[in-house]
Amino acid sequence: EVASSLENSVRQRVIEFYKLYNPERADDSDSIDQLLKKYAGRTEALFQDLEHKYVLGETAEHQSRRKTTKKVTQTSRVTDGLSNIYMDSLRGLEHSFEFPKFHTPLLNPVDFEAKPMVLLVGQYSVGKTSFIKYLLKRDFPGIRVGPEPTTDCFQAVMHGNVERNLPGNAACMDNTKPFRTLTLA
């Protein structure tokens with residue numbers, strides 16, 4: 001009976017996860033049953049793989065393979081060095097003096113690893129979305145173009161293996177993205 005209760009708890013977590021990241025699968029009982037069977041007794045691995053697939057856009061196996069074959073460049077050496085100096089020396093100092101309370105939040109390794117970003121800001125209906133569409137040479141998930149205000153929140157267009165929309169609150173809570181310092185009002 002305890003095992004059945006645990007399985008129902010895991011099933012509910014999977015359903016809630018799918019409601020957020022892949023709503024079409026949330027009602028697919030057969031698929032969820034197969035997934036639970038495949039990961040029986042390995043709940044942590046199940047959710048790590050789901051997160052890698054839907055949040056990071058890749059499987060855990062692919063991610064570990066990609067990390068082990070990471071090309072070492074001069075830029076990556078400098079970035080890794082800066083990250084290590086900050087994490088080993090400066091972060092503790094900033095924390096001790098409560099630096100985040102009066103300036104910027106503490107940095108995390110993902111902040112150093114993040115790709116450069118471009119911010120487009122402007123009045124509504126001046127062509128920001130059309131400009132992004134022109135640069136990408138195609139539509140992107142969540143694109144809405146119209147004469148009235150259509151984008152009322154920030155949109156991060158990022159490279160990934162899967163095209164999808166990631167809600168802003170999920171992006172802010174994702175440890176693998178450099179948006180942790182943003183807060184939702």
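## Around Asn22

Set aside the neighbours within four places in sequence, and Asn22 touches Phe17 and Tyr54. Bear in mind that this is a predicted model.

Where does Asn22 sit? Asn22 is in the loop between α1 (2–21) and α2 (29–38). Is Asn22 buried or exposed? Its relative accessibility is 11%, so Asn22 counts as buried, the cut-off for that label being under 20%.

## The two sides of α2

Now for the helix that follows that loop, α2 (29–38). Its buried residues include Ser31, Ile32, Leu35 and Leu36. These residues lie on the same side of α2 because they cover an arc of only 135° around the axis.

What about the face of α2 turned away from that buried side? That face carries Asp30, Gln34, Lys37 and Lys38, which are exposed. So if you spin α2 in your viewer, look for Ile32 and Leu35 among the buried residues, and for Asp30 and Gln34 among the exposed ones on the face turned away.

## The whole protein

Zooming out, the protein has nine helices and zero strands. Read from the N terminus, then, the run of elements is simply α-α-α-α-α-α-α-α-α.

Of the 185 residues in the protein, 21% are buried. Its accessible surface adds up to about 14,000 Å², and carbon and sulfur atoms account for 55% of that. As for contacts, take those between residues at least 6 apart in sequence: 42% of them join residues at least 24 apart.

Terms used
Residues are numbered from 1 along each chain as its sequence is written. This is a predicted model: local features need pLDDT of at least 70, side-chain atom pairs count only at pLDDT 80 or more; totals for chains, interfaces and linings use all residues. Side-chain values use heavy atoms; hydrogens and water are left out. Helices (H or I, at least four residues) and strands (E, at least two) are DSSP runs, numbered from the N terminus. Buried means under 20% relative accessible area, exposed over 50%, partly exposed in between (1.4 Å probe, protein chains only). Contact means heavy atoms within 4.5 Å. Accessible areas come from the Shrake-Rupley method with a 1.4 Å probe; for residues, only the protein chains shown count as cover. The arc is that of the directions from the helix axis to the C-beta atoms.
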